[in-house]
Amino acid sequence: MTATAALVVATYSRRMQLLLPDGRRIDARIKGKRVKPVCGDRVEAEPIPGETDWLITALCDRRNELTRPNLRGRVEVLAANIDRILVMAAPAPDPEWSIVDRYLCAAELIDAGAAVIFNKADLPAGQSADEVLDDYARIGYHAVRCSAKTGLNMDAVATLLRDGVSIIVGQSGVGKSSLINRLLQDDRQRVATISEKSGEGRHTTVNSAMLQLPGGGAVIDSPGVRDYAPALQPGEVVVGYREIAAAGRDCRFANCRHLREPGCAVKAAVETAAISKRRYDSYRHLLALTEKLTRKQF
């Protein structure tokens, strides 16, 4: 039987939903344990005689992968073949900017575009949030303040998503599903609520799903997180912080880690506020975490 090329548009553990070239959406399952497709993957599949399900028989080469280390320290792939990453934050729950930085780091490493979306702009956010968003814009990221509730600047978000495949990521409860509902102009995604007891978001999106947007482009809605770090080697961390990588070209030593080395152009830039101290501290913390995870693996 001849295999058919297909796109993975939803994942349910070891079951998938595929989009066929003729536009049909079919349910499929995986052959064996070695094939592990994720949303955005191109696969080969074939019908199972006597069943409505198809069987995924092969995984095509990936252009890139959004990853994280799992609890065992092994690399877990969250999505594949991504054109851009939109990292969401909001006034509630309190924004964890280090998580935003780490997703932006991942985008740099996989050569994907990136933007920061600050949802719930109808709520008071405080001066510190404005300063952080302005700093992201200063180093070249789109930083859009919007409200899925009121529609504020949703046209700007739709423009960012207009071409290719994007993934929206961020903390639980920041309003990813509400934002996607607004873009889709329906409520097919369940909306997360903020836990009154803890102030943290409850998880509602169990599986990743790729949705076609009416204005063009497709978006992958991923589960909310309470923490995130990309799977990478210590030497790759600096690549994910674009302003630190740029300043580091002027360091005295080519292998400068920008920690305690003399003649470090990055530390000098932090002292003059040319580089945000918050971003520099974020870099240092991710570097330390990555070194810890690397030692754990070996």
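Buried means under 20% relative accessible area, exposed over 50%, and partly exposed in between, with a 1.4 Å probe and protein chains only. By that cut-off helix α4 (residues 176-184) is mostly covered, with 7 of its 9 residues buried. Helices (H or I, at least four residues) and strands (E, at least two) are DSSP runs numbered from the N terminus. The model is predicted: local features need pLDDT of at least 70, side-chain atom pairs count only at pLDDT 80 or more, and totals for chains, interfaces and linings use all residues. Residues are numbered from 1 along each chain as its sequence is written, and side-chain values use heavy atoms, leaving out hydrogens and water.

**Whole chain**

- The protein chain contains 7 helices and 13 strands.
- Its C-alpha trace spans about 70 × 50 × 35 Å along the principal axes.
- The radius of gyration of the protein chain is 20 Å, which agrees with the value near 19 Å for a compact globule of 298 residues. This radius is taken over C-alpha atoms, and the globule rule is 2.2 Å times the number of residues to the power 0.38.
- Of the 298 residues, 49% count as buried.
- Among contacts (heavy atoms within 4.5 Å) with a separation of 6 or more, 63% are between residues 24 or more positions apart.

**Helix α4**

- The buried residues of α4 are K176, S177, L179, I180, N181, L183 and L184.
- Their cover includes the strands β8 (84-89), β9 (113-118), β11 (165-170), β12 (209-212) and β13 (218-221), and also helix α3 (154-160).
- Q185, just after α4, takes a positive phi of about 65°.

**Strands β1, β2 and β3**

- Strand β2 (residues 15-19) has alternating side chains: M16 and L18 point to one face and are buried, whereas R15, Q17 and L19 point to the other and are not. In a regular strand the side chains alternate between the two faces of the sheet.
- Two strands pair if DSSP finds at least two bridges between them. β2 pairs in the antiparallel sense with strand β1 (residues 4-12) over 5 bridges, and with strand β3 (residues 25-30) in the antiparallel sense over 5 bridges.
- M16 of β2 is the bridge partner of T11, while R29 of β3 is the bridge partner of R15.
- The hairpin of β1 and β2 has 2 residues between the strands, and S13 in the turn has a positive phi of about 60°.
- The hairpin of β2 and β3 has 5 residues between the strands, and G23 in that turn has a positive phi of about 95°.
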